[in-house]
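Trainee: Please pick one part of this model and take me through it closely. Then show me how it compares with the rest.

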Amino acid sequence: MSLLDQDINVDIVPSSPKYIRNVGVNSFQKPMGEKHGSEEIRALYYGIKSLLEFEVVDESENFIEQIRDKSCYDVMVEYSDNNVLYRLEWGMRNGLIRATFLPELVGERQIIVRLVDKRSNSIRKSTCTSQMPINILCAPCSPSLTLQFLDNHLERRCTAGKDFIFQVPFYDIFGNPVHKDSKETCQIDAQASPSKTEAKQYRNEQVNVEKDIASKDLSFVATVCFETAGLRKVKFTVNSGSQACLKDISVKVLPSTPHHLNNVKFTTIGAVDESFFADPSVMYKNQWSTVKQTWLIATTILYGNWVTTTTLA
């Protein structure tokens, strides 16, 4: 009697998810138009879409490459200090579960990740969880985007001798307004400068820069009172950390209303004696004279041309 040996192959698949492992979070949204270090890209930022990644294994720690009955599971997160569950959109590929979420709190805290079996009566007792510390930051200010959004395409006009106000909101590296509670040092400086072609005519006007405390986001107000009419410029400098950016904003300053007359001259009309020299500062009785003067505004800017008036003394 002979005995026959035969191997029978059995494909053993993992059981249901039991544990979460290899949890990672980082910023999902990429910064706009600037080069940033890996630390900035991996960080979590308030209000910026972030990516959650993790793997799951069964009770025997078998790696689960694909969850059966995927529609029966939810990926949820909560913060340890508010006990509010957030349901996330998620997908799975090659054993890696990926979901996006939006950090809504600033500071250090614990985040709890849950893979929830919706068939269970108790969400908190069902399936698997993992907890990890995170630090949610305010996104750093971007000097270049701040000045880029300070639109220079529209012509700015103001009147000499009157305050002209620039509203300068700050933007972060993602193109969003900077949170007013950001602990990052953001600074702005502004200086009024003349047109290059007429620099000798202009004085140095001071620009007053103050933080706009009424704004819900980080914003500054720059106020300048131009004394001299013409095409003027204001040079803005924004600093944040080691980054700085400059931009010139053009302003067309219009003359104000007339303030007083200047260079008044009188010319007598119709003198018979050609050898007589009429005094230009004197008007003669019963004789027609021409009055010429220029108009000046309070800030000593020339307004228009000579004005001629004929009058009888």
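**A four-stranded sheet and its surroundings**

Mentor: Start with confidence: strand 7 has the highest mean pLDDT among the elements of the protein, 94, and strand 19 (residues 302-312) the lowest, 41. pLDDT is the predictor's confidence in each residue, from 0 to 100. Strands are DSSP runs of E of at least two residues, helices runs of H or I of at least four, and both are numbered from the N terminus. This is a predicted model, in which local features need pLDDT of at least 70 and side-chain atom pairs count only at 80 or more, while totals for chains, interfaces and linings use all residues. Residues are numbered from 1 along each chain as its sequence is written, and side-chain values use heavy atoms, with hydrogens and water left out.

Now the sheet. Strand 7 belongs to an open, antiparallel sheet of four strands, ordered 1-3-7-6. Strands 1 and 6 are the edges, each pairing on one side only. Pairing requires at least two DSSP bridges between two strands. On average, neighbouring strands here are turned by 20° against each other, direction ignored. Those angles come from axes fitted to C-alpha atoms, for helices over the stretch in contact, and run from 0 to 180 degrees between N-to-C directions.

Inside the sheet, strand 3 (residues 50-57) and strand 7 share five antiparallel bridges. Leu 51 faces Thr 100 of strand 7 there.

Two asparagines deserve a look. Most residues other than glycine have a negative phi. Asn 22 has a positive one, near 55°. Asn 22 sits in strand 1 (residues 19-27). Asn 94 also has a positive phi, near 55°. Asn 94 lies in the loop between strand 6 (90-93) and strand 7 (96-101). Asn 22 counts as exposed because its relative accessibility is 55%. Asn 94 is exposed too, at 59%. The cut-offs are over 50% relative accessible area for exposed, under 20% for buried and partly exposed in between, with a 1.4 Å probe and protein chains only.

For comparison, take strand 11 (residues 163-169). Phe 164, Phe 166 and Val 168 point to one face and are buried. Asp 163, Ile 165, Gln 167 and Pro 169 point to the other face and are not buried. Strand 11 pairs with strand 14 (residues 219-225) in the antiparallel sense, over seven bridges. Phe 166 has Ala 222 in strand 14 as its bridge partner.

Finally, the caveat. Mean pLDDT for the protein is 77, with 70% of residues at 70 or more. Over residues 297-313 pLDDT stays under 50, and the model gives that stretch 57 contacts beyond four places in sequence. A contact means heavy atoms within 4.5 Å.
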